Amino acid sequence: MVDSREGLIMGIGQHPLHRLCVKLSDRTELSQEDREAILALPLTTSTRSAGQHLVRAGEAPSSCTLLVSGFAQRYRQLSDGGRQIVGFHVEGDFVDLHFSMLNRASQSVQLLTPAKIADIPHGAVIDLMRSRPAVAEAIWIDSLADASIVQEWVVSIGRRSARSRIAHLLCELGLRQEHAGLGDRSRIDLPLTQERLGDALGLTVVHVNRTLKLLEANGLIRRDKRTVVISDWDSLADVGGFSSAYLHLASPKEVRQSSTMVSTKSPTLFE
């Protein structure tokens with residue numbers, strides 16, 4: 001039996017559902033049989049291009065879509081043409097599980113990078129949850145954690161300043177990527193334009209640009225084309241009023257300072 005998170009990753013290799021299995025194992029204690037049942041789910045994998053939609057508002061999904069690799073946004077399109085981004089998805093996330101449970105999508109999910117996805121029949125996920133109570137508990141906890149993130153975003157848009165909103169989101173995404181095994185929390189690979197960042201935080205492009213420059217001038221972040229570096233994690237977290245508690249990670253690490261960089265070929269919030 002695999003007893004550690006690292007061992008689980010090594011044990012199941014590059015199976016399309018390996019990040020999901022690790023993520024659910026973090027949510028609650030799963031037996032070896034539970035993990036094997038997750039990995040045995042029937043699925044169809046495919047590669048998709050940046051800009052493609054995985055689900056559109058109003059659709060009734062027949063499968064649950066897992067993001068095997070890539071980065072996606074969830075958003076609502078308003079009647080006046082405006083857009084409000086209500087969430088981001090990283091590797092290992094179900095992007096539409098709650099839509100499947102509710103029988104109709106209330107939001108659209110669009111890829112921001114090329115991606116690999118796994119489509120799992122809705123019925124297979126339901127059967128798994130009914131037959132493996134621990135897996136059902138893990139999925140339930142994960143859904144509650146997603147709801148907690150949405151609540152924190154409401155607080156940001158309703159009460160935090162522009163500077164705090166951007167600082168908070170950078171800390172969140174850095175920590176989520178780190179926890180998903182995608183790098184260090186200070187090495188943020190974000191395929192976001194400034195327009196999308198504004199759509200997520202209720203800010204204009206001009207306000208986003210001005211605030212990013214201010215954070216850089218204060219020595220909290222560094223920008224270099226396709227890279228964002230959190231130069232002083234503790235200070236950025238203080239500016240954002242950030243605490244990882246709402247993410248409900250298995251073993252949240254204490255916020256630490258780092259200045260390591262990573263690059264990406266995707267469009268970023270700096271272009």
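A disulfide here is a pair of cysteine sulfur atoms within 2.5 Å. By that rule this predicted model has 0 disulfides.

**Cysteines**

Start by selecting C21 and C171. C21 has a relative accessible area of 0% and is buried. C171 is also buried, with its relative accessibility at 0%. A third cysteine, C64, comes up later in the tour, where it has a bridge partner in β7.

**The whole chain**

Zoom out and colour by secondary structure. The chain has 10 helices and 10 strands. It contains 271 residues, and 52% of them count as buried. If you display contacts with a separation of 6 or more, 74% of them are between residues 24 or more positions apart.

**The sheet β1-β7-β3**

Select residues 44-48, 63-69 and 115-121. The first two ranges are β1 and β3, and the last is β7. These 3 strands make an open sheet with antiparallel pairing, in the order β1-β7-β3. Why does one side of β1 and of β3 lack a neighbour in the sheet? Both strands stand at the edges and each has a single partner strand, so one side is left open in the sheet. Looking across the sheet, neighbouring strands are turned by 30° against each other on average, with direction ignored.

Now go through the pairings. Between β1 and β7 there are 5 bridges, and the two strands run antiparallel. To find one of these pairs, select T47, whose bridge partner in β7 is K116. On the other side, β3 pairs with β7 over 6 bridges, again in the antiparallel sense. Here, select C64 and look for I120, its bridge partner in β7.

Stay on β3 and colour by accessibility. How many of its 7 residues are buried? The count is 6, so the strand is mostly covered, buried meaning under 20% relative accessible area. Next, add residues 122-131, which are helix α5. Helix α5 lies across β3 and β7, and runs at about 70° to β7.

**The second largest cavity**

Turn on cavity display. There are 4 cavities of 30 Å³ or more. The stop here is the second largest, which holds about 110 Å³ of space. Select its lining: R74, V86, G87, F88, H89, D93, F94, D146, I149, V150, W153 and R176. Which elements give two or more residues to this lining? They are β5 (83-89) and α6 (133-159). Showing those two elements as cartoon and the lining residues as sticks gives a clear view of this site.

**The sheet β8-β10-β9**

Move on to residues 187-188, 221-224 and 227-230. Residues 187-188 are β8, residues 221-224 are β9, and residues 227-230 are β10. They form another open sheet of 3 strands, in the order β8-β10-β9 and with antiparallel pairing. β8 and β9 are the edge strands, each pairing on one side only.

β8 is joined to β10 by 2 bridges, and the two run antiparallel. Select R187 and its partner in β10, V229. Then select I188, for which the partner in β10 is V228. On the β9 side, 4 bridges link β9 to β10 in the antiparallel sense. One pair to show there is I221 with I230 of β10.

Are the two faces of β10 covered or open? Both are covered: T227 and V229 are buried on one side, and V228 and I230 are buried on the other.

**N218**

From β9, step back to N218, in the loop between α9 (205-217) and β9. With a relative accessible area of 40%, N218 is partly exposed. Add S235 and draw a distance between the two C-alpha atoms: N218 and S235 are 17 residues apart along the chain, and the separation is 9.8 Å.

**H248**

The last stop is H248, in the segment after α10 (233-240). Check its backbone: H248 is not a glycine, yet it has a positive phi of about 55°. Is H248 buried or partly exposed? Its relative accessible area is 44%, so H248 is partly exposed.

Definitions and conventions: Residues are numbered from 1 along each chain as its sequence is written. This is a predicted model: local features need pLDDT of at least 70, side-chain atom pairs count only at pLDDT 80 or more; totals for chains, interfaces and linings use all residues. Side-chain values use heavy atoms; hydrogens and water are left out. Buried means under 20% relative accessible area, exposed over 50%, partly exposed in between (1.4 Å probe, protein chains only). Two strands pair if DSSP finds at least two bridges between them. Axes are lines fitted to C-alpha atoms, for helices over the stretch in contact, and angles run from 0 to 180 degrees between N-to-C directions. Contact means heavy atoms within 4.5 Å. On a 1 Å grid over the protein atoms alone, a cavity is a set of points where a 1.4 Å probe fits but cannot get out, and a pocket is an open set with protein on both sides within 12 Å along at least five of seven lines; lining residues have an atom within 4 Å of a point. Grid points are joined across faces, edges and corners, and a volume is the space filled by probe spheres set on the points.
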